[in-house]
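Reader: Hi! I'm new to reading protein models and would love a close look at one part of this one. Could you pick a strand and walk me through what surrounds it?

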Amino acid sequence: MTMRFAGVLVFLVILGLAGCQRGAQVPELVISEVWSRPVALAQPDSGAAMEQMHHAGSNGVVYLQIENRGAAADRLLRATSEVCAVTELHETIMQGDRMRMQPVTSGLEVPAHGRLQLSPGGHHIMLMNLKRDLAAGDSIAVLLEFEKSGSQTVFSHVRQP
């Protein structure tokens, strides 16, 4: 009887330790320094203006920092915002002597006990086909979706760099 009780006790201790270990392996994300550049949409009063609106004056960006204080990595999968028609994760790369942007379709890793920085010239959130101007002093909501941490809304402060 005593051996049987000891066996059950050992099993419960192992099960409890496994639960604690699993609980410690979670990301703990802290998001800060969320900002966007001001964008004035081009007016559609001429063909040239329409051209500018489509390419130059209708897109914005969001930069931010994600610190992971947890013991498990996470992944930023996507972002959305009501101020634009399409939102994509992008990276800036050098191709020959030119810089260009390209979508990141597999998400961005936030390493355990590490940091993901979205900044000018690097990774960023692209706001495509803006529905309104982004004026300095504005704040826009951006929904971030993570692989393990779920969704989190942040507010991007529109300001000059």
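Author: Sure! One term before we start: a residue counts as buried when its relative accessible area is under 20%, as exposed when that value is over 50%, and as partly exposed in between. Keep in mind, too, that what you're looking at is a predicted model.

Let's zoom in on strand β2, and begin with Q65, which lies in that strand. Is Q65 buried or exposed? Its relative accessible area is 9%, and the cut-off for buried is under 20%, so Q65 is buried. Now look at what it touches. Leaving aside neighbours within four places in sequence, Q65 is in contact with V30, I31, S32 and E33, and also with R115, L116 and Q117. Those names point us to two other strands: β1 covers residues 29-36, and β7 covers residues 115-118.

Take the β7 side. Strands β2 and β7 pair in the antiparallel sense, over four bridges. You can find one spot on this pairing by looking for E67, which stands opposite R115 in β7. Now follow the side chains along β7: L116 and L118 point to one face and are buried, while R115 and Q117 point to the other face and are not buried. That fits a broader habit: in a regular strand, side chains alternate between the two faces of the sheet.

Just ahead of β7 there's a little oddity. H113 sits in the loop between β6 (108-110) and β7, and its phi is near 50°, a positive value in a residue other than glycine. Most residues other than glycine have a negative phi. With 61% relative accessibility, H113 counts as exposed.

Back on β2, step along to I66. Not counting residues up to four places away in sequence, I66 touches L29, V30 and I31, then L76 and V110, then G114, R115 and L116, and finally F146. I66 also belongs to the largest nonpolar core, which has 28 residues. Which members of that core touch the most other members? They are L64, I66, I125, L127 and L144. The strand that gives the most to this core is β9 (residues 139-146), with four residues. As a general picture, nonpolar side chains in soluble globular proteins tend to be buried together.

Now for the β1 side. The structure holds one aromatic pair, made by W35 and Y63. Their ring centres are 4.8 Å apart and their planes meet at 45°, so the pair is tilted. Because W35 lies in β1 and Y63 in β2 (residues 60-68), this pair ties together parts that are 28 residues apart in sequence. Both W35 and Y63 are buried. W35 has another companion as well: R159 lies over the face of W35, at 4.1 Å from the ring centre.

Finally, zoom back out to place β2 in the whole chain. There are two helices and ten strands, and along the sequence they run α-β-α-β-β-β-β-β-β-β-β-β. Of the contacts with a separation of 6 or more, 72% are between residues 24 or more positions apart. The W35 and Y63 pair, 28 residues apart in sequence, is a handy example of a link between distant positions. As for burial across the chain, buried residues make up 32% of its 161 residues, and Q65, where we began, is one of the buried ones.

Note on methods. Residues numbered from 1 in each chain as written. Predicted model: local features only at pLDDT ≥ 70, side-chain atom pairs only at ≥ 80, totals over all residues. Heavy atoms only, no water. Buried < 20%, exposed > 50% of the residue type's maximum accessible area, 1.4 Å probe, protein only. Contact = heavy atoms within 4.5 Å. Phe/Tyr/Trp six-rings, centres within 6.5 Å; stacked < 30°, edge-to-face > 60°. Lys NZ or Arg CZ within 6 Å of the ring centre and 35° of its normal. Core = buried A, V, L, I, M, F, W, Y, C linked by side-chain atoms within 4.5 Å. Pairing = 2+ DSSP bridges.
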